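Open your viewer and get ready to click around. This tour tells you what to select at each stop and what you will find there.

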Amino acid sequence: MIFRQLFDYETWTYTYLIADEKTGEAALIDSVAERAERDAQLLKDLGLKLKYLMETHVHADHITGVTRIKKHFPTALSVVSEAGGAPCADILTQEGEVYTLGELEIKVLSTPGHTNGCVSYLMEDRVFTGDALFIRGTGRTDFQQGDAGKLYDGITQKLFTLPEATWVYPGHDYAGNLVSTIGEEKRFNPRLAGKSREEFITLMSQLNLPHPKKIAESVPANLRCGSEIALAVALN
Ligand code: FE
């Protein structure tokens with residue numbers, strides 16, 4: 001397997017490249033428009049065939065790189081949750097769907113609450129949690145149909161029931177962490193460890209975070225799958 005963790009230093013977003021070494025089939029999870037050329041070049045350097053451009057959710061802080069990367073890999077298929085409200089995606093996915101890269105399998109877990117359409121992607125001993133579960137944190141739940149109760153249920157019933165050694169690769173990290181494990185987050189995540197559903201909901205209602213800088217441009221652009229028109233408006 002080929003695996004790379006890539007970083008967007010403007011929005012603290014991680015993009016993940018996964019590929020099957022034998023067939024060269026590849027997927028990118030959560031690409032960023034401003035880093036599209038970097039990612040396309042890396043795929044070309046490694047001689048990979050991009051099969052899927054997967055999103056963990058409709059992002060509020062950056063515009064997806066889907067449209068720009070597709071110019072280099074026109075047969076790649078975008079994958080967004082059916083509940084995400086972006087019908088422009090090539091594949092509208094849901095809980096339990098499985099996508100293959102050669103012999104690698106990527107399974108969809110529905111983990112809503114940060115947004116209604118959030119999914120995590122499970123591949124062997126790695127789970128890509130998007131903005132559901134962060135390292136020592138969680139995604140926020142105060143916009144985009146956020147629902148702290150749903151987030152708690154998804155994390156505790158789906159992510160925290162994975163083997164403890166499962167690697168957790170989040171959608172962002174704001175403190176310099178790269179990776180954690182399910183066991184580590186169960187024990188040390190301050191929003192979840194020893195917290196009841198009610199305590200989590202109360203805690204999430206009191207965060208008072210500022211909105212992401214690019215939310216007004218990002219959400220509408222991502223609901224259009226980062227189309228060129230949406231990109232031109234948002235990035236000019
Ligand atoms: Fe998000």
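Begin with the whole chain in this predicted model. A compact globule of 236 residues would have a radius of gyration near 18 Å, and the chain has 17 Å, so the two agree. Rotate the view: along the principal axes, the C-alpha atoms fill a box of roughly 45 × 40 × 30 Å. Switch to a cartoon display and look for seven helices and 14 strands. If you colour by accessibility, 55% of the 236 residues count as buried.

**Stop 1: the iron ion**

Now select the iron ion. Which residues are its protein donors? They are H57 and H114, each through NE2, and D131 through OD, and these atoms lie 2.0 to 2.3 Å from the ion. Along the sequence, the donor residues follow the spacing H-x56-H-x16-D. H57 sits in the loop between β4 (49–54) and α2 (66–72), while D131 sits in the loop between β10 (126–130) and β11 (133–134), so this pair ties together parts that are 74 residues apart in sequence.

Is H57 buried or exposed? With a relative accessibility of 3%, H57 counts as buried. D131 is buried too, with a relative accessible area of 6%.

**Stop 2: the disulfide**

Next, select C88 and C225 and show their side chains. A disulfide is a covalent bond between the sulfur atoms of two cysteines. The structure holds one of these, and it joins C88 to C225, with an S to S distance of 2.2 Å. Look along the S-S bond of C88 and C225: the torsion about it is about 90 degrees, so the disulfide is right-handed. C88 belongs to the loop between β5 (77–81) and β6 (91–93), and C225 to the loop between α6 (215–223) and α7 (228–235), so the bond ties together parts that are 137 residues apart in sequence.

The two ends have their own surroundings. C88 is partly exposed, at 37% relative accessible area, whereas C225 counts as buried at 10%.

Now add C118 to your selection. C118 takes part in no disulfide, and the nearest cysteine sulfur, that of C225, is 15 Å away. C118 is buried, with a relative accessible area of 3%.

**Stop 3: a patch on the surface**

Finally, turn on the surface and select F7, Y9, W12 and Y174. Together they make a nonpolar surface patch of about 470 Å². To find Y174, look in the loop between β13 (167–170) and β14 (180–181).

Terms used: Residues numbered from 1 in each chain as written. Predicted model: local features only at pLDDT ≥ 70, side-chain atom pairs only at ≥ 80, totals over all residues. Heavy atoms only, no water. Disulfide = S-S within 2.5 Å. Helix = DSSP H or I, 4+ residues; strand = E, 2+ residues; numbered from the N terminus. Buried < 20%, exposed > 50% of the residue type's maximum accessible area, 1.4 Å probe, protein only. Donors = N, O, S within 2.8 Å, 3.2 Å for Na, K, Ca; no water. Patch = residues over 30% accessible without salt bridge, like charges linked within 9 Å, V, L, I, M, F, W, Y side chains within 5 Å. Areas by Shrake-Rupley, 256 points an atom, 1.4 Å probe, with all protein chains shown as cover. Salt bridge = Lys/Arg side-chain N within 4 Å of Asp/Glu carboxyl O. Rg over C-alpha atoms; globule rule 2.2 N^0.38 Å.
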